[in-house]
Structure formats: C-alpha cells, structure tokens
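Colleague: Could you take me through one part of this model in detail, and then set that part beside the rest of its chain and the nonpolar cores?

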Amino acid sequence: MAAPQVSRGDSPPRARPLIDIAKVSKTYVTASSGSVHALNKVDLKIAEGEFVCVVGPSGCGKSTLLRMLAGLDTFDGGKLTLDDQTVSGPSAKVGVVFQAANLLPWLTVRENVRLPLRVGGRHDAANARIDALLEMAGLGEFGRRYPYELSGGMQQRAGICRALARDPQILLMDEPFGALDALTRERMNMELQRIWQAHRKTILLITHSISEAIFLGDRVVVMSARPGRILADLQVPIPRPRSFDTIVSHPSYAKLASEIRGLLNAQEGAPND
Amino acid sequence: MTDIASRPVISPADVVAQADLSPDAAMQSAVEDAPSQPRKSGRSGVNGSVIAGAGLVVLIALWIFCVRVLRVPPYIMPAPEAVLNALWSGLAIDPASPKGYYLPLWSTLSNAATGFAIGTGLGLVLGSLMAESRTVEKLLMPYAFALQSLPKVAIAPLVVIWFGFGDGSKVAIAALLAFFPVLINSFTGLRSIEPEKIDLMRSLSATRFETYRIVKLPNAAPFIFAGLDMAVVYALLGAIVAEFLGAQQGMGVVITQAQSVSDVAGVFAALVILGVLGIVLHSSVRRLEHRVVHWAHRGKR
C-alpha cells in the first residue's frame with residue numbers, strides 16, 4: 001500500500017500536462033490595503049483527464065490561481081499554458097463552475113445551460129446536446145423552470161451542465177459546493193465523480209473541505225497562506241468509484257486527512273472542516 | 001383667487017404657482033393611494049382593497065363633514081354631490097362632444113404617452129451609455145443633475161417658445177419630466193451588476209453587447225421599472241403643466257376653463273379624473289413589471 005507521497009510539482013505525469021503552471025506569481029494593488037502579494041512562484045502540472053483538488057487557507061490565492069487559468073485575471077511572472085498555449089484570455093477549452101451556481105435568474109434552467117452556446121453564436125445542433133446534459137444531471141424535467149424554483153444542489157448541477165455545454169477539455173471549479181449543506185454536498189460529490197468518470201474532463205477544483213478534496217481528487221494540492229505557494233502535492237491512492245461509506249475506512253484516508261490538516265494548521269487562518 | 005387664469009396665456013409666475021398646485025395635488029393622491037393597488041394581486045389581496053376602500057370612505061366622510069357641518073363655502077370646497085354632478089355631465093356624454101372629458105383626456109394622454117416614450121427611451125439609451133463608459137458618465141452626469149435641479153415648470157415657458165402652443169411643447173415637457181428617473185435608474189441598475197455575472201460572461205468570451213443584453217439589462221430591469229413607474233406619472237404631469245401655458249385642448253385646459261368661470265366643482269372633477277388616471281397608469285406599470293421581472297418577486301407568489 002503506497003503511503004501518500006509528498007512531491008513537488010513534478011509528480012510522475014500519466015500523460016502530457018494539459019495545464020502547466022510554472023513559477024507563476026501575482027501581485028495586485030487594492031485601494032484599501034495597497035499591493036498584495038497573492039501568489040509566489042507556484043508550480044503545478046496537471047495531466048489530461050486528471051482530477052486535482054486545491055485546499056488552502058482563506059485568501060491564500062487559490063481562487064486567483066483559478067481565475068488566471070480561466071483567463072479572467074492576469075499573472076505577472078512565470079509561465080501559464082493550457083494545452084501548450086499561453087493563457088492570454090478566456091478560452092473555449094475551459095469551462096468555469098462558479099461559487100453558488102451563479103445562474104442568471106431571468107433565464108430558465110435550459111436557457112442558462114445553453115448560454116455558452118448562445119454567446120458563441122452557435123445556435124444550431126445544440127438542442128440535443130443540452131437535453132443530454134440536463135438528463136445526465138437529473139434535471140431533465142426542470143429545463144423550463146427558473147433557478148429560484150430549484151434547490152441549491154440542483155442549481156449547482158445546472159451550473160456544472162452550463163460549464164460542460166461547450167464540451168471543454170478543462171473544468172475549473174471554484175468552491176462549487178461551499179454554499180450547500182453537508183448532506184447535499186456529499187451527494188453532489190458523488191454526482192461530480194460520476195460526471196467526471198463519464199466525460200473524462202481534466203478538473204481543477206478549489207475547496208475548503210479536506211474530505212471533499214480527498215474524495216474527489218487524484219491529487220490534493222495544499223497551498224500556504226498568502227503569498228500562496230504549494231506546500232504539498234499528495235497522491236490519493238484510493239480506487240474509484242469511491243463512496244463516502246467506504247472511503248473513511250480506507251487506510252490512506254485518515255493518513256492523508258491528518259497530513260493535510262497538519263499542513264493547514266501550521267498556517268494562520270486554517271480552515272475548519 | 002378665481003380670476004387668476006382667465007385666458008390660456010397668462011403670466012409665467014402665475015403659471016408656476018398654478019402648475020405646482022393643481023396637478024401636484026392630483027399626483028399626490030395618485031402616489032399615496034397607489035401602493036395598495038399592486039397588493040390586490042398579491043398575498044394580502046383582500047386586505048389591500050379593503051384598506052383602500054375604507055380610506056376612500058373616510059375621505060368622503062371628512063369631505064361631507066367639512067361642507068355640511070363646518071359650512072365651508074362651495075367656492076372653496078364644493079359638496080361631493082356637486083363634484084359628482086360635474087363628473088357625470090362630463091362622462092355621460094357623447095365621446096365626440098367638446099363638452100365631455102373624452103376629447104381633452106385623449107389629447108392629454110396621447111401627448112403624455114408620446115413624451116413618455118421619447119423621454120424614457122432617451123433616458124434608457126443615455127443611462128446605458130453612461131453606465132458603459134466612464135467618459136460618457138463624466139461628460140453627461142453633471143448636466144443631467146443640473147437639468148434635474150432646475151424646476152421644470154420654470155423652463156416650461158422656454159419650451160413653449162421653442163415648440164409653440166401646439167402638441168410639440170406638451171410632448172417636450174412630458175419627455176423632459178419622464179427622462180430623468182429612467183436615466184438615473186437605468187444607470188444605477190446597469191452598474192449594480194454582480195461581478196460574478198460579468199466574470200461568467202467574460203469566461204464565455206462574450207462581446208460587450210452580449211453582456212449588456214443578456215446580463216446587464218435584465219439585471220437592471222427592476223430599477224428601470226421603478227424609473228418607468230415615476231416617469232409615467234411625471235409625463236402626465238408634464239403634459240398638463242404645458243397645457244396650463246396655453247393649449248387648444250386637454251385636461252389642463254378643462255381645469256383653467258372651469259377656474260375662469262369659478263366652477264370649483266368642475267376643477268375638482270378634473271382633478272379626480274387625473275388622480276384616478278395616475279393610479280391606473282401606476283398600477284399598469286406595476287402589473288407589467290410583475291410580469292416581466294417575475295424573478296424578483298419570487299417570494300410573493
């Protein structure tokens with residue numbers, strides 16, 4: 001039984017790195033607190049089809065890292081490539097799942113999921129794909145409802161469908177289930193694992209929850225407090241499909257969880273999970 | 001006080017006083033009565049109408065008390081029957097008759113509606129440009145506020161000089177009054193968009209216009225409707241103020257004519273009509289808003 005390995009960035013890649021973050025730094029200037037050093041020489045390679053979870057204390061720059069990958073934020077040092085292309089702005093290869101679903105309340109669930117196609121001007125041949133996505137997420141009957149008629153979990157499922165609408169290679173998820181209650185959250189984790197296994201996207205997921213990170217990730221990346229850098233890059237040697245009933249009894253689980261907790265507790269403002 | 005406005009054209013100072021008094025009184029009643037209106041369709045439907053009805057009964061009872069018991073003379077406050085008579089004689093009449101309310105009402109309403117369309121349209125377009133561009137905002141915002149701080153009734157005579165005594169000046173003043181609430185509300189609404197929604201559109205490489213149309217404009221809709229709600233009543237007020245300055249036809253003319261022959265009951269009757277009209281217009285905008293901006297009323301279903 002392989003004990004969790006602490007390695008730095010260049011863990012043995014299963015395939016070519018689809019996401020390549022090399023010595024990326026970020027400093028931004030705010031009106032209130034002057035210049036903030038958010039990220040410090042972050043190195044992270046993610047192979048195609050891999051599921052990587054990032055945990056770190058609040059304000060450690062993990063969201064900034066995701067925003068830079070999504071092309072929503074600039075980076076001011078290092079190298080950031082997706083599929084060997086330097087990130088210079090938003091890309092159709094990337095789907096973003098936002099915190100708290102971020103659906104547009106004036107559009108039906110179906111229209112929300114179809115939005116990425118509408119914006120690209122790709123109106124044709126989209127209907128079957130949207131129906132299939134809604135069906136897969138168990139939202140088949142709710143296409144004509146409005147977001148406010150759905151539960152939080154269903155809203156975020158629609159948010160994931162929306163991110164998948166353009167069939168991107170990469171899914172970036174910024175604390176997607178943070179607003180949900182614990183039970184719904186576990187169910188959503190199961191769903192996401194199922195979706196990931198069905199679609200084989202490359203996923204980078206940011207979370208506060210150690211159990212969520214271990215449950216979902218092939219690797220769990222632990223970040224330090226600001227300026228964020230990578231403290232550890234841990235493999236999760238637990239076979240899939242995983243379930244919450246069995247995962248806690250897996251010998252690696254407790255070891256990983258306590259190691260991550262230890263790393264985070266050494267930081268100020270450790271998360272409470 | 002009875003011979004202030006004997007002819008359509010009178011001194012501007014008087015017009016200002018007049019214009020500020022009468023239509024405002026009508027507007028006031030419209031604004032105060034109105035909030036009970038939309039509630040009719042909401043949860044507390046029965047309560048809302050009961051309260052509104054009870055208020056009306058108390059108001060009329062007070063009125064009768066003033067006239068009968070306190071013996072307020074009819075040239076100051078006519079009896080309810082006299083006002084009802086005047087209303088009836090104007091309403092129970094051939095719609096084409098020049099003595100009825102229908103022709104002047106139509107004239108005032110169509111001018112107010114044209115002014116409303118122009119003013120709110122301009123308000124939305126300029127509000128959008130100001131929200132989208134800091135340069136346009138910096139350029140126009142001071143003038144928008146300068147314009148708003150001028151008493152519109154004081155610029156009214158100037159507008160009459162520019163647009164004449166025909167429909168043009170009525171439409172222009174109605175548009176002028178309807179413009180500002182929509183300008184400011186659409187500007188505020190468009191700027192109030194959550195950054196996450198802009199991030200969403202950016203992540204999809206949406207064009208500026210797509211972001212405006214799909215995200216910003218719907219997001220601003222509740223604000224814009226609040227502006228339209230004010231604008232619709234202001235447009236009516238503007239048309240009537242313009243009519244006080246001189247017009248062939250309109251409710252403003254009905255009021256000045258009744259005043260010129262000391263027909264206080266006639267003035268009251270016209271004010272009642274304008275008040276009811278204000279309530280109707282306001283509640284139509286509210287109803288339209290509930291249909292269009294349904295997501296903002298999710299708790300009230």
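Modeller: What follows looks at one helix, then at its chain, and then at the cores.

The model is a predicted one, and the part I have chosen is helix α6 of chain B, which runs over residues 134-149 and so has 16 residues by the numbering of DSSP runs. From its first C-alpha to its last, α6(B) reaches 22 Å, close to the 22 Å expected at 1.5 Å a residue, although the helix bends by about 35° at L140(B), with a proline, P142(B), following within four residues. Of the 16 residues of α6(B) the number buried is zero, so this helix lies largely in the open.

As for the surroundings, chain B has twelve helices and zero strands, and its pattern along the sequence is α-α-α-α-α-α-α-α-α-α-α-α. Of its 301 residues, 39% count as buried, and among contacts in chain B with a separation of 6 or more, 77% come from residues 24 or more positions apart.

Turning to the cores, the largest nonpolar core has 84 residues, and those touching the most other members are V55(A), L69(A), C161(A), L172(A), L204(A), V220(A) and V222(A). Helix α4 of chain A, residues 152-164, gives the most to this core, with six residues. Beyond its neighbours within four places in sequence, L172(A) is in contact with L66(A), L69(A), A70(A), V94(A), V96(A) and L204(A). A second, separate core, of 62 residues, includes V171(B), L237(B), V253(B) and A270(B).

Methods. Residues numbered from 1 in each chain as written. Chains lettered and ligands numbered in written order. Predicted model: local features only at pLDDT ≥ 70, side-chain atom pairs only at ≥ 80, totals over all residues. Helix = DSSP H or I, 4+ residues; strand = E, 2+ residues; numbered from the N terminus. Expected span 1.5 Å × (residues − 1). Bend = angle between axes of the 7 residues up to and from the residue. Buried ≥ 20, exposed ≤ 12 C-beta atoms within 10 Å, placed from the backbone. Contact = placed C-beta atoms within 7 Å. Core = buried A, V, L, I, M, F, W, Y, C linked by C-beta atoms within 7 Å.
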